[in-house]
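This report describes the fold, strand pairing and selected residues of a single protein chain. The sequence and coordinates are shown first.

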Amino acid sequence: MKQLRVTGVDPSFYRDIELIASLFFSKVNVSENQETADLWLHFSVEEGHPIRVSVTLSDPGRDQAWHGSHVREAEAGETGKAYRKRVKQAISHALLQVLEEATGIRQPWGILTGVRPTKLLHMMLQKGYTMDEAAAILRKDYLLEPEKIAILQEIVHRQTTVLPDLYELDREVSLYVGIPFCPTKCAYCTFPAYAIQGRNGSVEEFLSGLHEEVEAVGDWLKRNQLPVTTIYFGGGTPTSITANQMDELFRKMKASIPGFEEVRELTVEAGRPDTLNEEKLDLLKRWKVDRISINPQSFEENTLKLIGRHHTVKETLEKYQLAREMGLHNINMDLIIGLPGEGVEEFRQNLAVMQELRPESLTVHTLSFKRGSIMTRNKEKYKVAEWREVAEMVRLAREWTREQGYVPYYLYRQKNILGNQENVGYAFPGEESLYNIIIMEERQTIIGLGCGAVSKIIPPGTGKIQRWPNPKEPQAYIDTYLRHIHEKLAALDEAYGVGTSAGV
């Protein structure tokens, strides 16, 4: 834990200072306590028009100091939240300068700490900025590196090409169906994923509740005549349940969800190859599933064992080939940069295997130490790459995908992500996941069904987001789904300005 003594700035900005400092140190605590401080930060903030900030970072143990400053323009008469945001940006800007100088670590995303930088670029374009003007703001005000600005520009262009009505999609909804079971729990995972043979609630009881939720939401959609854009089955691993259980769920969806067979995209994650067989793949084909995921994460056997995947590289390759033979034409695969024991050479080898397979889309994640994961709780067991090596692997992924004809189409970031990098979805043009664009850009209501599913309710024309999470644990879902259905439909009624939903 790095202790930072902060003076000269309002304590209401301590959290913002902590977020920037956390980009450089794994754990940070900000206070005014001189006795326990490892580093001292003294700010001088001159609020006015413009805002002037200077900062000195001192390391008393090494008798060293670094200095930074920033001037942030503010519009005449600007007050309240908008003005405070500019003060925060000025403080973050000056702080980033001194921390980069002191540590030698460059932050590719500058002062941005949010998970959806593409949303910022979309908002600037909607306000009337040109792409070049927006790029200049990202560089000057937010300190983004040129390569990060370039990928944001490519992604926003691709998204508006694939979904020309992206900014008007709030007149429709999408559905997310959460199946919370997996054969085993991966070491890096914090998703709702429970061993299907475990003691976390009956699979049949869970599915019975899910069928009722599907029916209730379907009735609400019919009453309000709302089209469904995309449907996404995630988890967990949806293909952990049996083929008969999957077939029954599809039948319930078809009977309940208006326009089920006309949705723009139907995706089923089959991320664990050890959950796939010929019967399930035939079922997905018969139900005209548009897109599936078969996720290796790595093609290194030792890595798979270490992270608890419990399938082999051979099994991944066999199931991928089987899916191809059975006519599934849009397959996504995931790779994770920075898995324990893997560096640049291992990543090159993973890309070489991917080059032989050529899936329609490839999602390149950078490892994140998620709170509550097995890996985070046992960091000493999992040695991962340092930031320069992670940056090189991210660069390799970008270069390799370009050479192979893939284009980036969505991007998001996470807390505690290695090297302060990002996760990027690449696809061959025309094979992009519409749901992934929609969920990342938060342009329409997504109604979550099942375990761990979070509904994001966005009233048309507002852009405001209200989150309604379902229980993550199967038994909790089984015990409370009726109440959650009722509360969620009431929230949807309020957001869409309609009368009270029928009883559930």
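## A hairpin with a positive phi

In the hairpin formed by strand 4 and strand 5, with 4 residues between the strands, Asp-63 adopts a positive phi near 55 degrees. The model is a predicted one. Asp-63 belongs to the loop between strand 4 and strand 5, and its phi of about 55 degrees is positive although the residue is not a glycine. Most residues other than glycine have a negative phi. Because its relative accessibility is 72%, and the exposed class begins over 50%, Asp-63 counts as exposed.

The pairing of strand 4 with strand 5 (residues 64-72) is antiparallel and comprises 9 bridges. Within this pairing, Ile-51 has Arg-72 in strand 5 as its bridge partner.

## Strand 4 and its other neighbour

Strand 4 also pairs with strand 3 (residues 39-46): the two run antiparallel and are joined by 7 bridges. Here Ser-54 of strand 4 stands opposite Ser-44. Strand 3 and strand 4 likewise form a hairpin, with 4 residues between them. The loop between strand 3 and strand 4 contains Pro-50, which is joined to His-49 by a cis peptide bond with omega of about 15 degrees.

How are the side chains arranged along strand 4 (residues 51-59)? They alternate between two faces. Ile-51, Val-53, Val-55, Leu-57 and Asp-59 point to one face and are buried. Arg-52, Ser-54, Thr-56 and Ser-58 point to the other face and are not buried. Ile-51, the bridge partner of Arg-72 in strand 5, thus belongs to the buried set, whereas Ser-54, which stands opposite Ser-44, belongs to the set that is not buried.

## Further backbone features

A second cis peptide bond to note joins Gly-235 and Gly-236, with omega of about 15 degrees. Gly-236 is placed in the loop between strand 9 (228-235) and helix 7 (243-256). Most peptide bonds are trans.

Glu-442 is a residue other than glycine with a positive phi, near 50 degrees. Its position is in the loop between helix 14 (434-441) and strand 16 (445-450). Is Glu-442 buried or exposed? With a relative accessible area of 13%, which is under the 20% limit, Glu-442 is buried. Asp-63, by contrast, is exposed at 72% relative accessibility.

## Two helical residues

Met-354 is part of helix 11 (residues 344-357). Its relative accessibility is 0%, so Met-354 counts as buried. Which residues does Met-354 contact, apart from neighbours within four places in sequence? They are Pro-296, Phe-299, Met-333, Leu-335, Pro-359, Leu-362 and Trp-400. Leu-169, 185 residues from Met-354 along the chain, has its C-alpha atom 34 Å from that of Met-354.

Leu-125 is located in helix 3 (residues 117-126). Because its relative accessibility of 23% falls between the limits of 20% and 50%, Leu-125 counts as partly exposed. When residues up to four places away in sequence are not counted, Leu-125 touches Thr-130, Met-131 and Val-156. The C-alpha atoms of Leu-125 and Val-156 are separated by 9.7 Å, and the two residues are 31 apart along the chain.

## The chain as a whole

The protein chain has 15 helices and 18 strands. Its C-alpha atoms fill a box of roughly 70 × 55 × 45 Å along the principal axes. For 504 residues, a compact globule would have a radius of gyration near 23 Å, and the 24 Å of the protein chain agrees with this. Of contacts between residues at least 6 apart in sequence, 71% join residues at least 24 apart.

Of the 504 residues, 56% count as buried. The chain exposes about 22000 Å², of which carbon and sulfur atoms supply 48%. There are 61 positive and 69 negative side chains in the protein chain, and the centres of these two sets lie 2 Å apart.

How values were computed
Residues are numbered from 1 along each chain as its sequence is written. This is a predicted model: local features need pLDDT of at least 70, side-chain atom pairs count only at pLDDT 80 or more; totals for chains, interfaces and linings use all residues. Side-chain values use heavy atoms; hydrogens and water are left out. The radius of gyration is taken over C-alpha atoms; the globule rule is 2.2 Å times the number of residues to the power 0.38. Buried means under 20% relative accessible area, exposed over 50%, partly exposed in between (1.4 Å probe, protein chains only). Contact means heavy atoms within 4.5 Å. Accessible areas come from the Shrake-Rupley method with a 1.4 Å probe; for residues, only the protein chains shown count as cover. Lys and Arg count as positive and Asp and Glu as negative; His and the chain ends are not counted. The place of a charge is taken as NZ of Lys, CZ of Arg, CG of Asp or CD of Glu. Two strands pair if DSSP finds at least two bridges between them.
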